[in-house]
Amino acid sequence: MILSSIFAIMGLGGQEMVFIFLALLLLFGAKKIPELARGLGKGIKEFKDATKDVRENIEEGLKESEK
């Protein structure tokens with residue numbers, strides 16, 4: 001899971017993750033959390049697609065400059 005990887009990188013343990021989840025639940029409510037997660041997922045997917053396009057354009061430019 002991406003979130004657990006991010007929390008592990010930030011040095012957060014189980015108790016901190018539970019606290020953050022409860023805070024999010026209190027702030028946004030149970031109905032908004034799935035919508036927020038979907039939006040975050042779409043944003044991550046768009047970012048990956050954009051970086052892939054940039055990488056492909058750079059590689060194409062390098063291949064054309066070698067000719």
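Trainee: How much area does the protein expose, and what share do carbon and sulfur atoms supply?
Mentor: In this predicted model, the protein exposes about 6100 Å². Carbon and sulfur atoms supply 66% of that area.

Trainee: And what percentage of the residues is buried?
Mentor: Buried residues account for 1% of the 67 residues in the protein.

Trainee: How many helices and strands are there?
Mentor: The protein has 3 helices and 0 strands. Along the sequence, the pattern reads α-α-α.

Trainee: Let us take helix 2. Which residues does it cover?
Mentor: Helix 2 comprises residues 14–28, and Val18 is located in it.

Trainee: What span should helix 2 have, and why?
Mentor: Helix 2 has 15 residues, and at 1.5 Å a residue they should span 21 Å. The C-alpha atoms at its ends are 21 Å apart, so the model agrees with the expected value.

Trainee: What comes just after helix 2?
Mentor: Gly29 follows there, and it takes a positive phi of about 85°.

Trainee: Back to Val18. Which surface patch does it belong to?
Mentor: Val18 forms a nonpolar patch on the surface with Phe21, Leu22 and Leu25. Together, these residues have about 350 Å² of accessible area.

Trainee: Now charge. Which residues gather in the negative patch?
Mentor: That patch on the surface consists of Asp53, Glu56, Glu59, Glu60 and Glu64.

Trainee: Where does Glu59 lie?
Mentor: Glu59 belongs to helix 3, which covers residues 32–66.

Trainee: Why is Glu59 called partly exposed?
Mentor: Its relative accessible area is 41%. Buried means under 20% and exposed means over 50%, so a residue in between is partly exposed.

Definitions and conventions: Residues are numbered from 1 along each chain as its sequence is written. This is a predicted model: local features need pLDDT of at least 70, side-chain atom pairs count only at pLDDT 80 or more; totals for chains, interfaces and linings use all residues. Side-chain values use heavy atoms; hydrogens and water are left out. Patches are made of residues with over 30% relative accessible area and no salt bridge: like charges are joined within 9 Å, nonpolar side chains (Val, Leu, Ile, Met, Phe, Trp, Tyr) within 5 Å. Accessible areas come from the Shrake-Rupley method with a 1.4 Å probe; for residues, only the protein chains shown count as cover. A salt bridge is a side-chain nitrogen of Lys or Arg within 4 Å of a carboxyl oxygen of Asp or Glu. Helices (H or I, at least four residues) and strands (E, at least two) are DSSP runs, numbered from the N terminus. The expected span of a helix is 1.5 Å times one less than its number of residues. Buried means under 20% relative accessible area, exposed over 50%, partly exposed in between (1.4 Å probe, protein chains only). Lys and Arg count as positive and Asp and Glu as negative; His and the chain ends are not counted. The place of a charge is taken as NZ of Lys, CZ of Arg, CG of Asp or CD of Glu.
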